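The following exercises are to be worked with the sequence and the coordinates at hand. Each task is followed by a stepwise solution.

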Amino acid sequence: MIILDPLEHKKWHLFERWLRPVAEKGDQNWDDCLHKFRAGHTVLWNEGVNVLALDKAADGACVVWLGRGFDVRNWWNKAQTEVARFALQNGCFKLRIEGRKGWKRILQPHWTLIEETDREVVLELELMG
């Protein structure tokens, strides 16, 4: 499910409790994350305890920039399908994940590795409208 206004959602207290430690583990400042939410550009995908933060980038990508979940292989296909549908409906032509290196094992070979550092990766998937 896509949540358009996360800060106003009845489960925001849970989302914040789930996402804050993930952000801090990934070297993101939580105040900067909150600023992105308050700016109104970030939406969430949510299924149970699994949650992804999404933004639209200037280059037309729908970017997953923060996420939390368990047994990602069990829910990722559903998330990817729903996020891709949302992205296409909102003028995006690709998905991008900016995250820790574990995403590479899950998404390749279908996603393209764009950048890799010691701790993080950027992967993209072209969407067909």
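Just after helix H2, glycine 40 adopts a positive phi of about 85°. The model is a predicted one, and the exercises below begin with this helix.

**Exercise 1. Determine which residues of H2 are buried, and how they are placed around the helix axis.**

Step 1. Helix H2 comprises residues 30-38, and its buried residues are Trp30, Cys33, Leu34 and Phe37.

Step 2. These residues cover an arc of only 100° around the axis, which puts them on the same side of H2. An α-helix has 3.6 residues a turn, so residues three or four places apart point the same way.

Step 3. Asp31, Asp32 and His35, on the other side of H2, are exposed.

Step 4. The cover over the buried residues of H2 includes helix H1 (12-25) together with S2, S3 and S4.

Step 5. Consider finally the start of H2: a side-chain oxygen of asparagine 29 comes to within 2.7 Å of the backbone nitrogen of aspartate 31.

**Exercise 2. Test whether the end-to-end distance of helix H3 agrees with or departs from the span expected at 1.5 Å a residue, and identify what covers its buried residues.**

Step 1. H3 runs over residues 72-89, which is 18 residues, and at 1.5 Å a residue it should span 26 Å.

Step 2. The C-alpha atoms at its ends are 25 Å apart, which agrees with the expected span.

Step 3. The buried residues of H3 are Val72, Trp75, Trp76, Ala79, Glu82, Val83, Ala84, Phe86 and Ala87.

Step 4. Their cover includes strands S1 (2-3), S2 (43-47), S3 (50-56) and S4 (61-68), as well as S5 and helix H4 (102-107).

Step 5. After H3 comes glycine 91, with a positive phi near 80°.

**Exercise 3. Describe the largest nonpolar core, and state which element supplies its largest share.**

Step 1. The largest nonpolar core has 24 residues, and those with the most contacts inside it are Leu52, Leu54, Trp76, Leu95, Trp103 and Trp111.

Step 2. At least two residues of this core come from each of S2, S3, S4, H3, S5, H4 and strand S7 (120-126).

Step 3. H3 supplies the largest share, namely eight residues.

Step 4. Leucine 54 serves as an example. Neighbours within four places in sequence being set aside, leucine 54 is in contact with Ile2, His41, Thr42, Val43, Trp45, Cys62, Val63, Val64, Trp65 and Val83.

Step 5. There is also a second, separate core of 19 residues, with Leu19, Ala23, Ala61 and Val63 among them.

**Exercise 4. Lysine 94 lies in strand S5. Establish whether lysine 94 is buried or exposed, and find its salt-bridge partner.**

Step 1. Strand S5 covers residues 94-100. The relative accessible area of lysine 94 is 10%, so this residue is buried, the cut-off being under 20%.

Step 2. Apart from neighbours within four places in sequence, its contacts are Asp59, Gly60, Ala61, Cys62, Glu124, Leu125, Glu126 and Leu127.

Step 3. One of these, glutamate 124, forms a salt bridge with lysine 94, with the closest N and O atoms 3.5 Å apart.

Step 4. Since lysine 94 lies in strand S5 and glutamate 124 in strand S7, the pair ties together parts that are 30 residues apart in sequence.

Step 5. Glutamate 124 is buried as well, because its relative accessible area is 11%.

**Exercise 5. State how many salt bridges the structure holds, and show which residues are joined into one network.**

Step 1. Side chains of opposite charge can pair when their charged atoms come close. The structure holds 10 salt bridges.

Step 2. In one of them, the side chains of aspartate 59 and arginine 96 meet at 2.3 Å, N to O. Aspartate 59 belongs to the loop between S3 and S4 and arginine 96 to strand S5, so this pair ties together parts 37 residues apart in sequence.

Step 3. Aspartate 59 counts as partly exposed, at 35% relative accessibility, whereas arginine 96 is buried, with a relative accessible area of 9%.

Step 4. Another salt bridge joins glutamate 116 and lysine 101, whose closest N and O atoms are 3.1 Å apart. Glutamate 116 lies in strand S6 (residues 112-116) and lysine 101 in the loop between S5 and H4, 15 residues apart.

Step 5. Glutamate 116 is partly exposed, with a relative accessible area of 34%, and lysine 101 is partly exposed at 31%.

Step 6. Through shared partners, salt bridges join Asp59, Lys94, Arg96 and Glu124 into one network.

Key. Residues numbered from 1 in each chain as written. Predicted model: local features only at pLDDT ≥ 70, side-chain atom pairs only at ≥ 80, totals over all residues. Heavy atoms only, no water. Helix = DSSP H or I, 4+ residues; strand = E, 2+ residues; numbered from the N terminus. Buried < 20%, exposed > 50% of the residue type's maximum accessible area, 1.4 Å probe, protein only. Contact = heavy atoms within 4.5 Å. Expected span 1.5 Å × (residues − 1). Core = buried A, V, L, I, M, F, W, Y, C linked by side-chain atoms within 4.5 Å. Arc of directions from axis to C-beta. Polar contact = N/O pair within 3.5 Å; in protein donor to acceptor, adjacent residues only side chain to side chain. Salt bridge = Lys/Arg side-chain N within 4 Å of Asp/Glu carboxyl O.
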